[in-house]
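Hi,

Here is the structure I said I would pass on. Have a look at it first, and my notes follow below.

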Amino acid sequence: MPRVIFAPVLQRHVECSPADVPGGSVRAVLDAAFATNPRARSYVLDDQSALRKHMLIFVDGVRINDRVRLTDAVGPDSQIYVMQSLSGG
């Protein structure tokens, strides 16, 4: 089963433990991971269910391409890493 891992910095703001969940796309995996954690969902996704501007997701070390529909493929043993992006000012 795919494993979703949330960067430790996210866990300072909202509880989101690693989770092994079913799914063949980033959307399906995140939906399963957030099924019982709506607070984490709203932290990672916007009101249109797209990835928030300052969030990044990697599947097996590769940044996803589809930030809106989250259709990037996920394999049965994939690791999905969710983190905040860094920006300078």
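In what order do the 5 strands of the open sheet come? The order is β2-β1-β5-β3-β4, and the pairing is mixed. The edge strands, each pairing on one side only, are β2 (19–20) and β4 (62–63).

Before the details, the small print. This is a predicted model, so I kept local features to pLDDT of at least 70 and side-chain atom pairs to pLDDT 80 or more, while totals for chains, interfaces and linings use all residues. Residues are numbered from 1 along each chain as its sequence is written, and side-chain values use heavy atoms, with hydrogens and water left out. Helices (H or I, at least four residues) and strands (E, at least two) are DSSP runs numbered from the N terminus, and two strands pair if DSSP finds at least two bridges between them.

**The sheet**

Going through the pairings, β1 (residues 3–6) runs antiparallel to β2 over 2 bridges, with Val4 bridged to Ala19 of β2. Strand β1 also pairs with β5, this time in the parallel sense and over 4 bridges; here Phe6 stands opposite Val82. Then β3 and β5 run antiparallel, joined by 5 bridges. Ile57 has Val82 as its bridge partner in β5, and Val59 has Ile80. That puts Val82 opposite Phe6 and also makes Val82 the bridge partner of Ile57.

At the β4 end, 2 bridges join β3 to β4, again antiparallel, and Phe58 is bridged to Arg63 of β4. The hairpin of β3 and β4 has 2 residues between the strands, and Asp60 takes a positive phi near 50° there. As for β3 itself, 4 of its 5 residues are buried (under 20% relative accessible area; exposed is over 50%, partly exposed in between, with a 1.4 Å probe and protein chains only), so β3 is largely enclosed by the rest of the structure.

**Helix α2 and the core**

Helix α2 (residues 26–34) packs on the sheet and touches β1, β3 (55–59) and β5 (79–84). Its direction makes about 70° with that of β1 (axes are lines fitted to C-alpha atoms, for helices over the stretch in contact, with angles from 0 to 180 degrees between N-to-C directions).

The largest nonpolar core (buried Ala, Val, Leu, Ile, Met, Phe, Trp, Tyr and Cys residues joined through side-chain atoms within 4.5 Å) has 24 residues. Val4, Val26, Leu30, Leu51, Ile57, Ile80 and Val82 touch the most other members. At least two residues each come from β1, α2, α3 (38–44), β3 and β5, and α2 gives the largest share, 5 residues. Leu30 is worth clicking on: outside its neighbours within four places in sequence, Leu30 is in contact (heavy atoms within 4.5 Å) with Val4, Leu45, Ile57, Leu70 and Val82.

Which residues form the aromatic pair? Phe6 and Phe34 do, in a tilted arrangement with 6.0 Å centre to centre and 35° between the planes. The rule is ring centres of Phe, Tyr and Trp (its six-membered ring) within 6.5 Å, with planes under 30 degrees apart called stacked, over 60 edge-to-face and the rest tilted; the count by this rule is 1. Phe6 is in β1 and Phe34 in α2, so the pair ties together parts 28 residues apart in sequence. Both are buried, Phe6 at 4% relative accessibility and Phe34 at 2%.

**Polar spots**

Three residues here, with polar contacts taken as N or O pairs within 3.5 Å (within protein, one atom must be able to donate a hydrogen and the other to accept it, and residues adjacent in sequence count only if both atoms are side-chain atoms).

- Ser25 sits in the loop between β2 and α2 and is buried at 18%. A polar atom of its side chain lies 3.1 Å from the backbone nitrogen of Ala28.
- Ser78, in the loop between β4 and β5, is buried at 5%. Its side chain has a polar contact of 2.8 Å with that of Asp60, the hairpin residue with the positive phi.
- Asp31 is in α2 and is partly exposed, at 30%. Its side chain makes a polar contact of 3.3 Å with the side chain of Arg41.

Cheers
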